[in-house]
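User: Please take a close look at one part of this structure and explain it in connected prose. I should like to understand how a residue is judged to be buried or exposed before the particular case is discussed.

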Amino acid sequence: MKINIELSEDWKKKFQDEFQKSYFKNLIEFVDQEYELHQCFPPKDHIFSAFNYCAFQDIKVVIIGQDPYHDDGQANGLCFSVAEGVKHPPSLKNIFKEIETDLGIPIPESGNLERWARQGVLLLNATLTVCAHKAGSHQKKGWEEFTDAVIQHISDQNKNVVFLLWGGYAKKKGKIIDKQKHHVLESGHPSPLSANRGYWFGNKHFSKTNELLGDNTIDW
């Protein structure tokens, strides 16, 4: 197996059983072959970055994306985030615009969202890999089952997590969240198609999240 599932101990313990399931073994075999035969993103050592920057017990917020950016040098294993020095893609631009309007925080130069992840924001794509320049190319291969299991574990074992569900795809994933124990904020997707129709701007998800978190706010 060439894809190393390098996870911190807390995540590893929780998902040891999941890694033994046949769907997951088949998934990793597929991903191995794809990376062998094609250019794929994110880089192999960043596939599980969302988990390694954010310990399970430290999760305050979960943001669910669809699949990684598929253009050269963009994806870094965190949803909506790009590698250091990379131009902000349209969805990320709109996220930063909403933060600026909502909280008065100027748009940052860096689109690398590691700074959020280190504060307890799990930046989880539903599909963790993609073939270069082919959006959605690794969907329905098993990643969705794995990330459903991740969301289920967080819902079952944590309390008072704020889930930010942007767009129809994320909202579908949200069906397994226990809304009695957690906070769920929904809006349109930050992509231009949705944002320009009035479904994104003004959702104030960043100030609302901090209100819900009380003393444990995120520095957006």
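Analyst: A residue is called buried when its relative accessible area is under 20%, and exposed when that area is over 50%. The model examined here is predicted. Val62 has a relative accessibility of 0%, and therefore counts as buried. This residue belongs to strand 2, which covers residues 61-65. Leaving aside residues up to four places away in sequence, Val62 touches Leu122, Ile154, Val161, Val162, Phe163 and Leu164. Val62 can also be compared in position with Leu123: 61 residues separate the two in sequence, while their C-alpha atoms are 6.2 Å apart in space.

The cysteines may be considered next. Cys54 is buried, with a relative accessible area of 1%, and Cys79 is buried as well, at 0% relative accessibility. A disulfide requires two cysteine sulfur atoms within 2.5 Å. The cysteine sulfur closest to that of Cys54 belongs to Cys79 and is 11 Å away, so the distance is too great for a bond. Cys79 is likewise in no disulfide. The count of disulfides is zero.

A pair of helices completes this account. Helix 4 (residues 90-103) packs with helix 9 (residues 205-213) at an angle of about 60°, and their axes are 8 Å apart. Helix 4 contributes Ile95, Glu98, Ile99, Asp102 and Leu103 to the contact, whereas helix 9 contributes His205, Phe206 and Ser207. Sorted by class, the residues of this contact are four nonpolar, two polar and two charged.

Notes:
Residues are numbered from 1 along each chain as its sequence is written. This is a predicted model: local features need pLDDT of at least 70, side-chain atom pairs count only at pLDDT 80 or more; totals for chains, interfaces and linings use all residues. Side-chain values use heavy atoms; hydrogens and water are left out. Buried means under 20% relative accessible area, exposed over 50%, partly exposed in between (1.4 Å probe, protein chains only). Helices (H or I, at least four residues) and strands (E, at least two) are DSSP runs, numbered from the N terminus. Contact means heavy atoms within 4.5 Å. Axes are lines fitted to C-alpha atoms, for helices over the stretch in contact, and angles run from 0 to 180 degrees between N-to-C directions. Ala, Val, Leu, Ile, Met, Phe, Trp, Tyr, Cys and Pro count as nonpolar, Asp, Glu, Lys and Arg as charged, and the others, Gly among them, as polar.
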